[in-house]
Amino acid sequence: VKKVLYWRDSALDGQFPMFEDVACGHWHVDATIPVGTRKLRIAGSPESDNVWSQEFLSRTQAPSQRMLFASPSKSMVTSEYTVRLD
């Protein structure tokens, strides 16, 4: 969240183009976090039986990946799906 806010401020200063969406992964859990008017989308993982994730992160989820559709003219995500892989 801190990085998204930093990037937003940098875009407001003209250091790079403005954005509405940020995608990252994989964090072994699928999530969408609102950051002001922006959205941070976190992808799940293609595996669900990862021992490291279970022991050190205490999280596991059904294997999944995100599918995002974006409009170049609108510079934004227009549709999204979480695809379960199990």
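pLDDT is the predictor's confidence in each residue, on a scale from 0 to 100. The structure described here is a predicted model, and its pLDDT averages 84 over the protein, with 91% of the residues scoring at least 70. Confidence varies among the elements: helix α1 has the highest mean pLDDT, at 93, and helix α2, residues 51–57, has the lowest, at 70.

The largest nonpolar core comprises seven residues, namely V4, A11, F19, V22, V35, L40 and I42. Two elements, α1 (2–12) and β3 (38–42), each contribute at least two residues to this core. Within the core, V4 is in contact with F19, V22, V35 and L40, and V4 also touches R38; residues up to four places away in sequence are not counted here. R38 is in turn placed against F19, since the charged end of the R38 side chain sits over the ring of F19, at 5.7 Å from the ring centre. F19 is thus a member of the core, a contact of V4 and the ring beneath the charge of R38.

Helix α1 also contains S10. S10 has a relative accessibility of 4% and is therefore classed as buried, the cut-off being under 20%. When neighbours within four places in sequence are set aside, the contacts of S10 are Q15 and F16.

Two aromatic pairs were found in a search of the whole structure. One is formed by F16 and F19, whose rings are stacked, with 6.4 Å between centres and an angle of 25° between the planes. The two partners differ in exposure: F16 has a relative accessible area of 33% and is partly exposed, whereas F19, at 13%, is buried. F16 is therefore partly exposed because its value falls between the limits of 20% and 50%, while F19 lies under the 20% limit. F16 accordingly takes part in a stacked pair with F19 and in a contact with the buried residue S10.

The other pair consists of F69 and Y81, which are arranged edge-to-face, with the ring centres 6.3 Å apart and the planes at 85°. This pair connects distant parts of the chain: F69 belongs to strand β4 (residues 64–71) and Y81 to strand β5 (residues 76–84), and the two residues are 12 residues apart. F69 is partly exposed, with a relative accessibility of 39%, and Y81 is also partly exposed, at 48%. Neither ring counts as buried, because both values lie between the 20% and 50% limits.

Methods. Residues are numbered from 1 along each chain as its sequence is written. This is a predicted model: local features need pLDDT of at least 70, side-chain atom pairs count only at pLDDT 80 or more; totals for chains, interfaces and linings use all residues. Side-chain values use heavy atoms; hydrogens and water are left out. A nonpolar core is a set of buried Ala, Val, Leu, Ile, Met, Phe, Trp, Tyr and Cys residues joined through side-chain atoms within 4.5 Å. Buried means under 20% relative accessible area, exposed over 50%, partly exposed in between (1.4 Å probe, protein chains only). Helices (H or I, at least four residues) and strands (E, at least two) are DSSP runs, numbered from the N terminus. Contact means heavy atoms within 4.5 Å. Rings of Phe, Tyr and Trp (its six-membered ring) pair if their centres lie within 6.5 Å; planes under 30 degrees apart count as stacked, over 60 as edge-to-face and the rest as tilted. A charge sits over a ring if NZ of Lys or CZ of Arg is within 6 Å of the ring centre and within 35 degrees of the ring normal.
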